[in-house]
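Subject: The structure we talked about

Hi,

Here is the structure I promised to hand over. Have a look at it first, and then read on for what turned up.

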Amino acid sequence: RRPGRSVLTIGLVAASSFTIVAISAFRLSETRSGTGGFAVVAESSQPIYFDFGTPEGRAELGFSSNDDEALDGCDSYALRVLPGDDASCLNLYRPAHPRVLGVPPAMMSRGGFEWGSSAAKTPEQIANPWLLLYEKLPSGAIPVALDQNTANYSLQLWKGVGERFDIDDGCGGKLTLEIVGLLKNSFFQGDLLIGEGAFLKHFPETTGHRFYLIDVPPNGKASDSEKRRAESISPAPVPPADPRRTEAVVRALEHSLGDYGLGAQRAEGGLAGFLAGQNTYLSTFQSL
C-alpha cells in the first residue's frame with residue numbers, strides 16, 4: 001500500500017546493518033608487530049643501576065639461582081625514563097608534558113615494530129627506521145619517534161613526519177623535537193622516543209633505567225637472533241617466545257626486583273590494554 005514507506009524502512013535497516021559491519025573493520029587485534037617481537041615489558045618505580053641482562057648484573061641485584069636461571073639466555077634492553085603525563089588513548093585530556101624514553105643503540109640495531117611512516121631515505125634506514133633517532137637533522141632539532149595515535153589524537157600533531165614541537169628540557173628551557181617516524185599500533189602509546197645520547201645530554205639529572213624490553217628465546221633455548229641481526233641490514237624476525245619461559249621470566253623479575261617497584265607483564269598484554277580503548281569506543285558506537 002505504501003511503497004515509499006516500505007523502501008524507506010528497508011533502506012534504514014540496510015544502512016544500519018552496513019554501519020555496524022563497517023565499524024567492525026576498525027577493530028584492532030593483538031599483533032607481534034605491535035610488540036616489536038618482544039615477549040616481556042617491565043617498568044620500575046625506582047631507577048635500576050645494574051644490567052640484569054648479564055650474570056654479573058643479576059648477581060649485583062641479588063637474583064636467586066632459580067631467577068637467574070629463568071633469565072639466562074634472554075636479551076634485555078634498558079631504556080631511560082623521564083617521567084611525564086600519560087599521553088596514550090587512556091587519557092581523555094591533552095597532556096602538557098609527555099613521558100620521554102631514551103632508546104639505547106642496542107635496541108636501534110635490533111629493529112622491530114611496524115612503522116606507519118618515517119623520514120627514512122637510505123636502504124639501511126628504510127629497513128630499520130630506528131636508526132633515524134641518531135641522525136643529525138639540518139634543523140638542529142632532536143629526532144623523535146612516537147606512536148601514530150599519540151601524535152594524531154593526544155598531541156594533535158597532524159602533519160606527522162617532519163613536524164616540530166617543543167618540550168621542557170632538564171635546564172628550565174625548551175627543547176625542540178622533530179618527528180622522524182611514527183609507529184603503528186605499538187605499546188609505546190603516550191611516549192616520546194629519542195636516542196639515548198640526546199637523552200643524556202638534555203636530561204642529565206635522570207639516572208639509571210626504569211623501562212625494559214626482553215626477548216625470550218623460543219622453546220626455552222638461547223637463540224642467535226642478535227648475531228643474525230648484526231650481520232644483516234634488515235633485522236631478522238624474532239621467533240615467538242616460549243609461553244612457559246615467558247611466565248617464568250615475569251615471575252623472576254617481579255620476585256627479585258620487587259624492592260624497586262618493578263612490574264612485568266607479557267608484551268601482548270600491555271598492548272591489549274591500549275587496543276581495548278579503541279575497541280570499547282567501537283563497541284559503544286555499534287550498540288547505539
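Of the 288 residues in the protein chain, 45% are buried. Keep in mind that this is a predicted model. The surface that the chain exposes comes to about 14900 Å², and carbon and sulfur atoms supply 55% of that area. As for how the chain is built, you can count eleven helices and ten strands. If you take the contacts with a separation of 6 or more, 74% of them are between residues 24 or more positions apart.

Now for the salt bridges. The structure holds nine of them, and here are some to click on.

Start with aspartate 68 and arginine 58, whose side chains meet in a salt bridge at 2.6 Å, N to O. Aspartate 68 belongs to helix H4 (residues 65-71) and arginine 58 to helix H3 (residues 55-60), so this pair ties together parts that are ten residues apart in sequence. Are the two partners buried or exposed? Arginine 58 has just 2% relative accessibility, so that one counts as buried, being under the 20% cut-off. Aspartate 68 has 25%, so it counts as partly exposed.

Next, go to aspartate 215 and arginine 110, which also meet through their side chains in a salt bridge, at 2.8 Å from N to O. Which parts of the chain does this pair tie together? Aspartate 215 sits in strand S9 (residues 209-215) and arginine 110 in helix H5 (residues 105-110), so the parts being tied are 105 residues apart in sequence. Here both aspartate 215 and arginine 110 are buried.

Then there is lysine 174 with aspartate 168: their closest N and O atoms are 2.7 Å apart in a salt bridge. Lysine 174 has a relative accessible area of 58%, so it is exposed, while aspartate 168, at 30%, is partly exposed.

There is also a network of salt bridges, and it links Glu43, Arg99 and Asp191.

On to the backbone. Most residues other than glycine have a negative phi, so it's worth stopping at a couple that don't follow that pattern. One is glutamine 156, with a positive phi near 55°. You'll find glutamine 156 in the loop between helix H7 (148-154) and strand S6 (164-168), and its relative accessibility of 40% makes it partly exposed. Another is asparagine 185, where phi is positive as well, near 50°. Asparagine 185 is in the loop that runs between strand S7 (174-183) and strand S8 (191-195). With 22% relative accessibility, asparagine 185 counts as partly exposed too.

Last stop: the surface. Which residues make a nonpolar patch there? They are Tyr281, Phe285 and Leu288, and the patch covers about 400 Å². Tyrosine 281 lies in helix H11 (residues 267-287). Its relative accessible area is 44%, so tyrosine 281 is partly exposed.

If you'd like a route through the viewer, try the aspartate 215 and arginine 110 salt bridge, then the loop with glutamine 156, and finish at the patch made by Tyr281, Phe285 and Leu288.

Have fun with it!

Note on methods. Residues are numbered from 1 along each chain as its sequence is written. This is a predicted model: local features need pLDDT of at least 70, side-chain atom pairs count only at pLDDT 80 or more; totals for chains, interfaces and linings use all residues. Side-chain values use heavy atoms; hydrogens and water are left out. Helices (H or I, at least four residues) and strands (E, at least two) are DSSP runs, numbered from the N terminus. Buried means under 20% relative accessible area, exposed over 50%, partly exposed in between (1.4 Å probe, protein chains only). Contact means heavy atoms within 4.5 Å. Accessible areas come from the Shrake-Rupley method with a 1.4 Å probe; for residues, only the protein chains shown count as cover. Patches are made of residues with over 30% relative accessible area and no salt bridge: like charges are joined within 9 Å, nonpolar side chains (Val, Leu, Ile, Met, Phe, Trp, Tyr) within 5 Å. A salt bridge is a side-chain nitrogen of Lys or Arg within 4 Å of a carboxyl oxygen of Asp or Glu.
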